[in-house]
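Biologist: I am new to this model and would like a close look at a single part of it. Please take one helix, describe what lies around it, and then place it against other parts of the chain.

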Amino acid sequence: MLVVDVEDDAGGTLQLTFFKPFGHEERLRPGTRVVCSGQIGDWRGTLQLTHPDYAVLGSQGATSGQWLLGGLVPVYTATKGLSPIVHGDCLDLVFHSLPPIPDPLPVSVREEHGLPGLREAYHLVHRPATQEDQRRGRWRLKFQEAFVVQARLAQARRSTDAVPAVPRPVRTGGLVQGLREQLPFELTTGQRAVLEEITGDLARPVPMHRLLQGEVGSGKTVLALLAMLAVVDAGGQAALLAPTEVLAAQHHRSITALLGPLAEGGLLGGADGGTRVALLTGGQSAADRRSNLLLAASGEAGIVVGTHALIQEHVSFAELGLVVVDEQHRFGVEQRDALRAKAGSASPHVLVMTATPIPRTVAMTVYGDMAISTLRELPAGRAPISSFVVEGQREGWVRRTWRRVAEEVEGGGQVYVVCPRIGEPDDPDLPSAHDDGPGLPIPPDPQEAPPPAAAEDGFDPLELPLGPVDGPAGERGRQQLHGVHQVARSLRSLVATRDLVLGELHGRMTAEEKEAVMRAFGAGEIDVLVSTTVIEVGVDVPRATMMVVLDADRFGISQLHQLRGRVGRGGKPGLCLLVTQGEGVDPGAVQRLGHVAATTDGFELARLDLETRREGDVLGASQSGGRSGLRFLRLARDETLIVAAHDAAWATVEHDPDLERHPELEAELRRIDATSAAFLERG
């Protein structure tokens, strides 16, 4: 065993302890200057490092740790088997042998923005003399990252614009005018302004590439319908791509209802000059599918609504002029491209909609090749939504939640109960007193008699609140998420809710089953709909006034905002209760729920969401199966830099479309792999 005393310039002492002293005795002589790194421990009141990483400084022929002699010392993410000092020595070797580095930033851009060259930037980051050096180097690397992304988007936009589109100007006296005359409401000022932007794009020979974003319930769908009718008036067809069968059916019903006789072109009682609306989903019967395929292929259906079934090979259109993508984040690039390819030689106009407001930096970084329209104004008649967090461990609060559900139904409203999973039909409702199985946040009420079924079984399935259980992998203390089947059975047994009419909705049901449930709920035949997040977007039931989200701490900010947008759509105020799991909930998740409950401003929530999520999630890497590729850029903090990089990159591509004068930038763009390019090309 070797123990070495070291002393710093201030007189502080520390012991280095080696249980295998071989080789260290010769290097650690009295008077030697060293730098040490390791985990500091305390042995009988003496601070010590056991088997530390160290470097001997200033000795003749020393090659290790010389980079520690001046300036700041960078700290790197730990790498197994590689000590920090060896890590630094490796970088010294790299810098010593580094050949000239191609710089993708044009000289003119670097000079205009006062940026160092790429090699200098690397040196400033890894070997900074001051904090200002480090900041200057990182700023340069961030700028390059933003610049390359923007250049890629600029090239994508030029490539798209190179294939002309058929102009579709609005025709006087056509379907657009007919619908506007029979709408039961007036368009808001914001809707009229956005409609002018869209129709202006449609009238040009350059394909429209527009993102329409707006609050939940701001009226995006009616604008999309007017855009589709403008294309039909001009002799084309429009396809509306929806992410789920429930939403596709909802769109088909609402569009048909709004159009009335205008959607019965060629039928007895239909309006002169009307059209047809076809629906294509994977769950349709063979006869319905054949009929709708014929309507689309013949051009008789001016509007075709569907899910992924629209992009299958045997689906064809007579003249596809407009593609509308609802909730675009649910689709991959290949799916959108496959639908656009059905337009033939001309490029279709594209309108992308999202009810998840997008912060400016995300819009510029991800959707920089698209024009953006924003709806902030809610139509008249939309009632406010109040939201509250219900902590699962507070039995009185949870008990009151289910009584409040019954009161809402008694007052003429309908209720959604949202669960994070489907579960299995035979999942246990609740554990017995001697069980550690999953429970529901439906604690017993001392004033309520147990349900008859429970009394007959000698066991109350609503006996315990939710608590820690063994997870799927046997991990102790993991929370069990609530399932639709489990919650629906328990609510049918609970005294407060057992007399209500309950329905279930989830993704494993057939299209006919889902359609039947939604029709019954829309007709008021179901009081409480227990569902997964399939009702997250587009579902419109005016009598739905309350929502209970179970395990709300497991949902993201934007998703919760989307979900609660399903209530308060019929003029009556909406209520959303966000029920957390029991004990052990992440405090950060509870804080996130507090933000959701505190505001209904989707743009403010989008900003908060961006601050709490990784850039890879924001950029949608999950759609393409890859990483975002952003290493330095932080969309929540670097708005000034992103704006500057956007302007510089688009100007560069505009003046040199093929980048012949910028071979380094062209080579950098070619190095973007197919996966990264896919999620950047959002259009």
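**One helix and its surroundings**

Modeller: Of the 683 residues in the chain, 52% are buried, where buried means under 20% relative accessible area, exposed over 50% and partly exposed in between, computed with a 1.4 Å probe on protein chains only. The model is predicted, so local features need a pLDDT of at least 70 and side-chain atom pairs count only at pLDDT 80 or more, whereas totals for chains, interfaces and linings use all residues. Residues are numbered from 1 along each chain as its sequence is written, and side-chain values use heavy atoms, with hydrogens and water left out.

The chain holds 24 helices and 21 strands; these are DSSP runs numbered from the N terminus, H or I over at least four residues for a helix and E over at least two for a strand. Of the contacts between residues at least 6 apart in sequence, 74% join residues at least 24 apart, a contact being heavy atoms within 4.5 Å.

The part I chose is helix α13, residues 395–410. Its 16 residues should span 22 Å at 1.5 Å a residue, and its end C-alpha atoms are 23 Å apart, which agrees; the expected span is 1.5 Å times one less than the number of residues. The buried residues of α13 are Val398, Arg399, Thr401, Trp402, Val405, Ala406, Glu408 and Val409. An α-helix has 3.6 residues a turn, so residues three or four places apart point the same way. The cover over the buried residues of α13 includes the strands β14 (385–390), β15 (414–418), β19 (528–531), β20 (544–550) and β21 (574–579), and the helix α15 (484–493). After α13 comes glycine 412, with a positive phi near 100°.

Two loop residues sit beside elements of that cover. Threonine 532 belongs to the loop between β19 and β20. With a relative accessible area of 9%, threonine 532 is buried. Apart from neighbours within four places in sequence, threonine 532 touches Val418, Cys419, Arg421, Ile422, Val484, Leu505, His506 and Gly507.

The other is leucine 481, in the loop between β17 (478–479) and α15. Its relative accessible area is 18%, so leucine 481 is buried. Beyond its neighbours within four places in sequence, leucine 481 is in contact with Pro420, Arg421, Gln486, Asp551, Arg554 and Gln581. Arg421 thus appears among the contacts of both leucine 481 and threonine 532. From leucine 481 to cysteine 419 the C-alpha distance is 8.0 Å, although 62 residues separate them in sequence.

For comparison, consider another helix. α22 has 17 residues and reaches 25 Å from its first C-alpha to its last, close to the 24 Å expected. Among the buried residues of α22 are Leu641, Ile642, Val643, Ala645 and His646. In the loop between α22 (639–655) and α23 (663–670) lies leucine 659. Its phi is positive, about 55°, although leucine 659 is not a glycine. Most residues other than glycine have a negative phi. Leucine 659 counts as buried because its relative accessibility is 2%.

Elsewhere, helices pack on helices. The axes of α17 (557–564) and α18 (587–598) come within 10 Å and cross at roughly 40°; axes are lines fitted to C-alpha atoms, for helices over the stretch in contact, and angles run from 0 to 180 degrees between N-to-C directions. α17 and α18 are therefore oblique to each other, since angles under 35 degrees count as roughly parallel, over 145 as roughly antiparallel, 65 to 115 as roughly perpendicular and the rest as oblique. The contact is formed by Ile557, Leu560 and Arg564 of α17 with Arg592, Leu593, Val596 and Ala597 of α18. These residues divide into five nonpolar, no polar and two charged; Ala, Val, Leu, Ile, Met, Phe, Trp, Tyr, Cys and Pro count as nonpolar, Asp, Glu, Lys and Arg as charged, and the others, Gly among them, as polar.

Helices α4 (118–126) and α5 (131–161) pack at about 135°, with axes 7 Å apart. That angle makes α4 oblique to α5. On the α4 side the contact includes Leu118 and Tyr122, and on the α5 side Arg136 and Leu141. The residues of this contact divide into six nonpolar, three polar and five charged.
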